[in-house]
Every structure is written in structure tokens, then in C-alpha cells.
Amino acid sequence: MNEIVAIDWRGVAPLPRDEFEAAIRAVGAERYHNKHEFHKLLHGGKLNKDQVAAWALNRYCYQEAVPRKDAAFMSRVHDRELRREWIHRIHDHDGLGEEGGGIERWLVLTDALGFSRDYVTSRRGALPATKFAVEAYVRFVVEQPLVVAVASSLTELFAPSIHRERIVGMLESYDFVDDQVMAYFKRRLTQAPRDSEFALGYVLDNAKTRAEQEACVGAVRFKCDVLWAQLDALHHAYVTPGLIPPGAWRPGEANV
Ligand SMILES: O=C(O)c1cc(C(=O)O)c2c(n1)C(=O)C(=O)c1cc(C(=O)O)[nH]c1-2
């Protein structure tokens with residue numbers, strides 16, 4: 001976001017719709033977290049079980065923050081139609097009625113990696129950077145203009161290809177991963193495109209000035225930073241140099 005603050009966009013014509021969309025997509029091509037070394041190791045079967053466990057434990061914090069950020073977003077929306085559209089995102093993660101939702105599916109993954117559910121949901125063993133990054137996302141949607149808050153979800157435009165790569169790579173490489181464990185990502189293959197298509201249309205329609213458009217592109221950059229920072233922290237703690245911060249989960253440690 002910082003790089004846009006210094007530029008005064010007043011009086012500059014808005015980008016045509018197709019160029020605005022291309023600017024959003026270019027952020028993903030440049031810096032989405034599919035390019036991160038940790039993901040290359042994860043999907044390529046190069047991590048050991050403890051390293052995959054650290055990823056799943058930390059990423060739970062992201063899963064848990066997403067419905068909170070959607071609720072925070074909705075609390076600011078006066079347009080009933082927009083709330084009606086948005087609310088299914090919370091149901092997708094938290095579940096509704098008999099349907100357990102994405103968080104339940106994520107816990108199936110952490111079960112398979114040997115964690116107790118109490119330990120995972122307490123978030124006690126998560127890395128400091130994970131907690132800071134996910135809360136920054138929640139705060140962002142509280143503080144930014146609504147259209148910019150919607151734009152911050154647009155990294156989901158780039159998610160289906162990383163989910164496909166992850167399903168194939170992890171099923172092939174790790175004997176502790178099976179179809180049931182990968183169910184979370186399979187479900188996202190249909191949920192994410194629906195969400196990101198709506199959000200993209202909303203942003204293209206509602207960011208009217210060049211300044212608003214630039215703020216939306218900046219929101220996608222910010223969100224890429226949220227995702228990237230989590231992987232940097234995982235890599236630093238659990239791959240190399242392997243410096244695990246005090247209080248964070250240590251492989252072999254009882255996790256109750
Ligand atoms: O595995 C991934 O790479 C990945 C990335 C993202 C994303 O780009 O923010 C999301 C998800 N997964 C995801 O599963 C998910 O539910 C989700 C919700 C959101 C959002 O911003 O509202 N992003 C993502």
C-alpha cells in the first residue's frame with residue numbers, strides 16, 4: 001500500500017475496465033505465494049512430516065481468521081443485497097447445519113498430522129508472524145474503504161491453480177495424506193472461483209476513480225504480503241536456519 005500513498009492520482013483518468021483487471025492479475029503473476037520456496041518444497045514432496053505439520057498448524061490460524069474477517073466486513077455493509085451475497089463465505093468456513101464447513105475439513109488434516117484439536121484451535125503453537133499476518137488482514141477489512149476491503153480477497157483469483165497443484169503434489173508425495181485429508185482443497189476448487197468472480201465484478205464496477213483503482217491493486221499486493229509473510233516465517237522456523245521462536249510448536253513436543 002505504501003508505494004501508492006505518495007502518488008497524487010487526482011485528475012488522472014481511471015483505467016479502462018480491462019486494464020484495471022489486468023493490473024490486478026499482474027500482482028498475482030508477480031508475487032502470489034505459489035512462487036514461495038516453502039510451497040515448492042511442500043508440493044514437491046520435499047518436506048518431512050513435521051514440516052508439513054507445522055504448515056497445517058499455522059495455516060489453521062488463517063482459516064480461522066477468514067470467517068472473522070468476513071464477519072467484520074459484513075458489519076460495515078449497509079447494502080442488504082451485498083450482505084446476502086457475502087454471508088455464504090462464513091458458512092463455507094464455519095459450516096451450516098449438518099455441513100461441518102472448511103474449518104472442520106482443515107481439522108481433519110491436522111488430525112492426520114497428529115495434533116489434538118484443542119492444541120490446534122488454541123493457536124498456542126502458532127508462530128508470532130502467523131498471528132500478526134492474519135490479524136493484519138482482519139484489521140485491513142475493518143479500516144479500508146469497502147471496495148478496497150473486497151479487493152483484498154482477490155488473491156482467490158489465483159488460488160485454484162495452487163490448490164490443484166497442492167492436491168496432486170501432496171497425494172503423490174506423502175503417505176500421511178489421502179483424499180479425505182485433501183477434502184478441504186477439493187471443495188475450495190468450486191468455492192473460490194464463485195467468490196472471486198463476484199468480488200472481481202464488484203471491484204471493477206465500484207472502484208470508479210484512478211485513486212480507488214490503485215488502492216484496490218494495492219490491496220491485492222497487501223494480501224500477497226499477508227500470505228508471503230506466513231511462509232517466510234515457516235521457512236525460517238522449520239526449514240532453514242530452523243530457528244523456532246519461543247512458545248511455537250517444536251516437533252516431538254507433546255501437543256495437548
Ligand atoms: O491455499 C491457498 O493458497 C489459499 C489462498 C487464499 C488466498 O489467496 O487468500 C485463500 C485460501 N487458500 C482459502 O482456502 C480460503 O478459504 C480463502 C479465503 C480467502 C479470502 O481472502 O477471503 N482467501 C483464501
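How far apart should the ends of the 12 residues of helix α6 (residues 101-112) be at 1.5 Å a residue, and how far apart are its end C-alpha atoms? Before selecting the helix, keep in mind that the model on screen is predicted, with a mean pLDDT of 95 for the protein chain and 97% of its residues at 70 or more. For the complex, the predictor gives an ipTM of 0.95 and a pTM of 0.95.

**First stop: helix α6**

Select residues 101-112 and take the distance between the end C-alpha atoms: the expected span is 16 Å and the model shows 17 Å, which agrees. Within α6, now colour Gly102, Arg105, Trp106, Leu109 and Thr110, which are buried. These residues cover an arc of only 150° around the axis, and they are therefore on the same side of α6. To see what lies over them, add α4 (49-74), α5 (80-94), α7 (117-122) and α11 (183-206), which are included in the cover of the buried residues of α6. Just after α6, stop at Gly114, where phi is positive, at about 95°.

**Second stop: the loop after α7**

Moving along the chain, select Arg123 in the loop between α7 and α8 (128-143). Its phi is near 60°, a positive value in a residue other than glycine. Arg123 counts as partly exposed because 16 other C-beta atoms lie within 10 Å.

**Third stop: the ligand and its shell**

Centre the view on the ligand and show Val66, Ser153, Thr155, Glu156, Ala159, Ile162, His163, Arg188 and Leu227, the residues around it. By character this shell divides into 4 nonpolar, 3 polar and 2 charged residues. Which helix gives the most to the shell around the ligand? It is α10 (residues 159-173), with 3 residues.

**Fourth stop: helix α10**

With α10 selected, the 15 residues should span 21 Å at 1.5 Å a residue, and the end C-alpha atoms are indeed 21 Å apart. Its buried residues are Ala159, Ile162, Arg166, Ile167 and Met170. Seen down the axis of α10, these buried residues fall within an arc of 140°, so they line one face of the helix. On the other side of α10, look for the exposed residues Val168 and Glu172. The cover over the buried residues of α10 includes α3 (37-43) and α11. Also in α10 is Ser161, which is partly exposed because it has 13 C-beta neighbours inside 10 Å.

**Fifth stop: Ser153 and Leu154**

Step back to the loop between α9 (146-151) and α10, where Ser153 is placed. Is Ser153 buried or exposed? It is buried, because 27 other C-beta atoms lie within 10 Å, and 20 or more are needed for that label. Leaving aside neighbours within four places in sequence, Ser153 is in contact with Asp195 and Ala199. For a sense of distance, draw a line from Ser153 to Ile103: the two are 50 residues apart in sequence and 18 Å apart in space, C-alpha to C-alpha.

Leu154 is found in the loop between α9 and α10, and it is buried, with 24 other C-beta atoms within 10 Å. Not counting residues up to four places away in sequence, Leu154 touches Ile24, Ser196, Ala199, Leu200, Val203 and Val220. A line from Leu154 to Lys186 joins residues that are 32 apart in sequence and 19 Å apart in space, C-alpha to C-alpha.

**Sixth stop: helix α2**

Among the contacts of Leu154 is Ile24, which leads to helix α2 (residues 17-31), where 15 residues reach 22 Å from the first C-alpha to the last, close to the 21 Å expected at 1.5 Å a residue. In α2, the buried residues are Phe20, Ile24, Val27 and Gly28. They cover an arc of only 95° around the axis, which puts them on the same side of α2. Rotate to the face turned away from that buried side, and the exposed residues Asp18, Glu19, Ala22, Ala26, Ala29 and Glu30 appear. Covering the buried residues of α2 are elements that include α11 and α12 (210-238).

**Last stop: after α12**

Finally, select Pro241 in the segment after α12. The peptide bond that joins Thr240 and Pro241 is cis, with omega at about 5°.

Methods
Residues are numbered from 1 along each chain as its sequence is written. This is a predicted model: local features need pLDDT of at least 70, side-chain atom pairs count only at pLDDT 80 or more; totals for chains, interfaces and linings use all residues. A residue is near a molecule or strand if its C-beta atom, placed from the backbone, lies within 6 Å of it. Helices (H or I, at least four residues) and strands (E, at least two) are DSSP runs, numbered from the N terminus. Ala, Val, Leu, Ile, Met, Phe, Trp, Tyr, Cys and Pro count as nonpolar, Asp, Glu, Lys and Arg as charged, and the others, Gly among them, as polar. pLDDT is the predictor's confidence in each residue, from 0 to 100. The expected span of a helix is 1.5 Å times one less than its number of residues. A residue is buried if 20 or more other C-beta atoms lie within 10 Å of its own, exposed if 12 or fewer, and partly exposed in between; C-beta atoms are placed from the backbone. The arc is that of the directions from the helix axis to the C-beta atoms. Two residues are in contact if their C-beta atoms, placed from the backbone, lie within 7 Å.
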